[in-house]
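Student: I have a structure open and would like to talk it through with you. Could we go step by step?
Tutor: Happily! Ask away once you have it on screen.

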Amino acid sequence: MHMINTALILLIITQVKGIYSDSDVVDCNADLSDEELSQAIKLQTLDKYFFLIIPIIAFILTLIIMLSFIIYPKTWKMPGDIIFFISFCEALLCIHWLSTSIYFMINEISPLSDELFCQLNSVVSIFAGTGDVTYNLIFCLYVRITLKEQFVARKKLPLILHSIALFTMISVTLIAKLFNYNGLSLFGTCSLKYNPGFNFAGLVLVFINTFMSVYTMLYIKKAVPENQRYLNLIGKVTRYYSQYITAQFFIQLTQAISYILVGLNCTKFQKGWLLIFITIENSAKLCTPFVLSILRLRDPTIKRQILLIWKQFSSKSSIGISLLPEEQNLVVIAKTLLLDKVNTIVYSIQQIFQQDDYTENNSKVNYLFQKKYKINNQINESQQPLELDAKITQEEINEESQFIIPPEQDLDIELRLMASTIIIYAPKVFLKLRKKDCKVNNYSDSFNPIANQEQINSFTGPDGGKGGAFFFFTFDNKLLIKTISEQELLVIKKNLGSYFFHLSRNESLISPIYGIFKFVLLNGQESQIFIVMRNALQIPSSNVIRTYDLKGSEYQRKVLKQYDLKKDLTKTTLKDIDFKEQEGKLFIPENIKDLLKDNLIKDSKFFSELNLMDYSLLIIKMNWSTFSQNNLQMDINNQYQISKLFNSQLSCIPSIKEKGVYYHIAIIDYLQEWNAEKKIEQVFQLKILKRIQTNLLKKAVNTKIGSQIYN
């Protein structure tokens with residue numbers, strides 16, 4: 001067997017030596033003129049035919065992929081748009097390689113670097129090559145972001161990534177052109193120009209791409225749980241992405257090794273048979289559009305699109321939609337993982353809140369849950385419910401406990417739970433805050449995982465405001481989950497004592513926090529801090545008339561435009577100027593005005609003492625008339641009956657102008673400290689305001705002078 005292998009190797013070497021000659025090796029230590037380079041650098045025989053045949057096939061494959069996305073624009077969103085632009089760049093590269101082969105066959109000599117053909121061809125090569133490398137890196141980055149940072153809204157992510165890619169493509173091309181780096185390369189194509197010595201820049205780029213491919217491949221395996229349910233659900237898609245990135249890795253690795261050997265050969269070895277690595281390098285380049293396009297056709301989404309196109313253009317109508325493979329892609333994987341994480345969090349919170357000893361007896365459903373799921377519960381229970389005015393200690397503020405969900409194979413469950421740990425911050429302090437509102441909130445029932453399945457399954461992802469926070473609203477609209485940052489956690493912990501006493505002793509409008517938790521996956525790939533708060537709605541959002549987020553400022557505090565008034569504004573969050581124009585003021589009973597004003601002042605002073613800022617006064621106009629029509633036991637004229645649903649009479653105030661309309665009021669987003677970042681932001685805003693005022697003044701003066709001249 002060894003003799004056969006040795007014979008094959010000798011045969012290959014003999015054939016290689018018959019094709020490649022020592023005289024064809026370029027001396028990279030010599031400073032050659034363009035004419036000398038044109039004579040010295042040749043497109044090798046195998047390369048010439050590879051460049052003639054493979055790019056045609058690869059070009060057709062890339063066109064098929066691009067066509068599938070053009071015909072079905074719904075799949076254009078990420079990562080579909082990334083794949084589209086990778087295919088577009090590779091189609092340009094196919095044209096570049098094909099034109100190189102045709103030129104060499106016609107002229108039987110390499111083009112001069114300064115020749116128009118080489119200049120144009122090199123610009124196309126550099127632009128498309130940079131785009132191919134950049135978008136493949138972006139694809140790896142997108143995979144990581146999508147699978148890991150699922151609790152963060154990134155609405156501008158596509159714009160940012162495409163901007164980075166376009167900027168890189170244009171910048172590299174312009175730099176190459178301006179500094180005369182484009183021209184005839186050592187590999188016989190017009191691209192990045194040959195320069196004397198060993199070129200490290202291309203090698204570094206190849207290794208970066210290789211590293212990212214390996215990192216992403218390993219991350220996918222870590223991010224997706226290795227159990228039978230996931231293998232059945234999304235294993236096919238996961239395997240596809242792993243295969244794609246693995247193939248990309250080996251192509252990049254082959255290029256890197258060939259690049260090193262070609263560089264060493266032209267600078268040191270000067271051996272003709274080592275020229276085979278130029279062919280291997282060029283073949284690896286051709287594999288990028290050829291092999292990876294074949295693999296992309298196996299992408300479940302693209303495969304489905306191709307079958308749909310075939311169904312449309314084929315005379316055979318045997319392919320029905322029902323026979324097509326179910327649509328699965330990276331977005332489906334990410335959503336499945338996210339929903340399982342939300343399921344896990346909701347279930348964990350319910351189990352934690354069931355430990356509150358002031359609550360009513362657990363329902364039969366909850367009892368069955370506790371009996372069925374053998375959860376490793378490490379919650380520190382208090383012996384007796386402490387009085388609300390009891391002192392809290394620094395030890396209680398710093399206390400942490402854990403709620404652990406072990407690996408799935410240890411659980412006999414129907415819910416999709418993930419092995420994880422929930423860290424509970426200051427459990428005794430927040431137990432007291434929950435006790436304060438236990439008459440209007442049944443915390444355990446609100447987080448019943450079965451009752452919340454409709455909300456969980458219809459959840460589309462984080463869509464918070466400017467901060468991009470993740471929000472989840474319980475099925476009964478009583479409570480919500482919101483993610484916070486590490487910095488916001490520090491703010492709460494630092495001020496928790498003052499926060500507790502302020503809420504305990506005042507009829508505050510501050511939306512109370514009922515618990516702070518940290519979700520940590522068992523594999524350590526993700527952790528997220530979140531809080532449980534009171535939901536200002538309390539009844540279904542279908543009864544919302546208007547929502548206002550007020551900050552007491554007019555700077556960039558207008559949402560509505562003239563044509564917006566004809567639109568449905570029930571799902572639009574309006575701001576200060578909109579409130580002034582649409583409402584003017586709150587139409588509330590006289591006996592509540594002073595109480596509301598006094599408590600707003602108290603809350604504002606409290607935030608000022610803690611150095612907190614940028615909070616909002618949330619005002620929601622709710623139509624209780626429509627709500628009462630579906631809830632006959634609810635009397636909208638009975639303010640006492642409605643107020644029993646809230647922790648304060650100031651949280652829900654009737655309108656004296658519109659019958660059946662109530663104002664739901666709460667202070668939210670109050671965890672921003674006045675720090676250096678905010679000071680810098682204020683300085684810039686003041687400069688902008690001064691510039692606007694100066695421009696308006698100049699305009700007014702010019703208008704007045706012009707008017708005087710005209711008169």
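Student: How many salt bridges does the count come to?
Tutor: A word first: this is a predicted model, and side-chain atom pairs enter only at pLDDT 80 or more. Side chains of opposite charge can pair when their charged atoms come close. By the rule used here, a Lys or Arg side-chain nitrogen within 4 Å of an Asp or Glu carboxyl oxygen, the count comes to 15 salt bridges.

Student: Which parts of the chain does the pair of glutamate 90 and arginine 296 tie together, and how many residues apart are they in sequence?
Tutor: The two side chains meet in a salt bridge, with N to O at 2.8 Å. Glutamate 90 sits in helix H4 (residues 80-107) and arginine 296 in helix H9 (residues 276-296), so the pair ties together parts of the chain whose separation in sequence is 206 residues.

Student: Are glutamate 90 and arginine 296 buried or exposed?
Tutor: The cut-off to keep in mind is that buried means under 20% relative accessible area. For this salt bridge, both glutamate 90 and arginine 296 are buried.

Student: Where do aspartate 614 and lysine 551 lie?
Tutor: These two form a salt bridge whose closest N and O atoms are 3.6 Å apart. Aspartate 614 counts as partly exposed at 31% relative accessibility, and lysine 551 counts as partly exposed at 33%. As for location, aspartate 614 is in the loop between strand S12 (612-613) and strand S13 (616-623), and lysine 551 is in the loop between strand S10 (544-550) and strand S11 (573-574).

Student: What is the relative accessible area of lysine 621?
Tutor: Lysine 621 meets glutamate 658 in a salt bridge, 2.7 Å from N to O. The pair links distant parts of the chain, with lysine 621 in strand S13 and glutamate 658 in the loop between strand S14 (652-654) and strand S15 (661-668). Glutamate 658 counts as partly exposed at 29% relative accessibility. Lysine 621, in turn, is buried, with a relative accessible area of 5%.

Student: Which residues are linked in a network of salt bridges?
Tutor: Here the pairing goes on from one side chain to another. The linked residues are Asp549, Arg557 and Asp576.

Student: Which cysteines does a disulfide join?
Tutor: A search of the whole structure finds one disulfide. Its S to S distance is 2.1 Å, and it joins cysteine 118 to cysteine 190.

Student: How many residues apart are cysteine 118 and cysteine 190?
Tutor: Cysteine 118 is buried at 0% relative accessible area, and cysteine 190 is buried at 2%. The angle about their S-S bond is -110 degrees, a left-handed link. With cysteine 118 in helix H5 (residues 116-148) and cysteine 190 in strand S2 (residues 190-192), the pair links distant parts of the chain, 72 residues apart.

Student: Why is helix H14 said to be largely enclosed by the rest of the structure?
Tutor: H14 covers residues 427-436, ten in total. Among its buried residues are Val429, Phe430 and Leu431, and also Lys432 and Arg434. The helix is described as largely enclosed because the buried residues number seven of the ten.

Student: Which helix supplies the largest share of the nonpolar patch?
Tutor: The patch covers about 810 Å², and its members include Leu166, Ile170, Leu174 and Phe179. Leucine 166 counts as partly exposed, at 46% relative accessibility. Five residues of the patch come from one helix, the largest share, and that is helix H6 (residues 157-178).

Student: What share of the 711 residues counts as buried?
Tutor: The protein chain has 22 helices and 16 strands. It exposes about 36,500 Å², with carbon and sulfur atoms supplying 59% of that area. The share of residues that count as buried is 49%.

Student: What is the mean pLDDT of the protein chain?
Tutor: Confidence varies along the chain: 77% of residues reach 70 or more, while residues 317-326 are below 50. Residues 359-389 also stay under 50, although the model has 65 contacts for them beyond four places in sequence. Where pLDDT is low, the predicted coordinates should not be read in detail. For the protein chain, the mean pLDDT is 78.

Methods:
Residues numbered from 1 in each chain as written. Heavy atoms only, no water. Helix = DSSP H or I, 4+ residues; strand = E, 2+ residues; numbered from the N terminus. Buried < 20%, exposed > 50% of the residue type's maximum accessible area, 1.4 Å probe, protein only. Areas by Shrake-Rupley, 256 points an atom, 1.4 Å probe, with all protein chains shown as cover. Patch = residues over 30% accessible without salt bridge, like charges linked within 9 Å, V, L, I, M, F, W, Y side chains within 5 Å. Disulfide = S-S within 2.5 Å. pLDDT = per-residue confidence, 0-100. Contact = heavy atoms within 4.5 Å.
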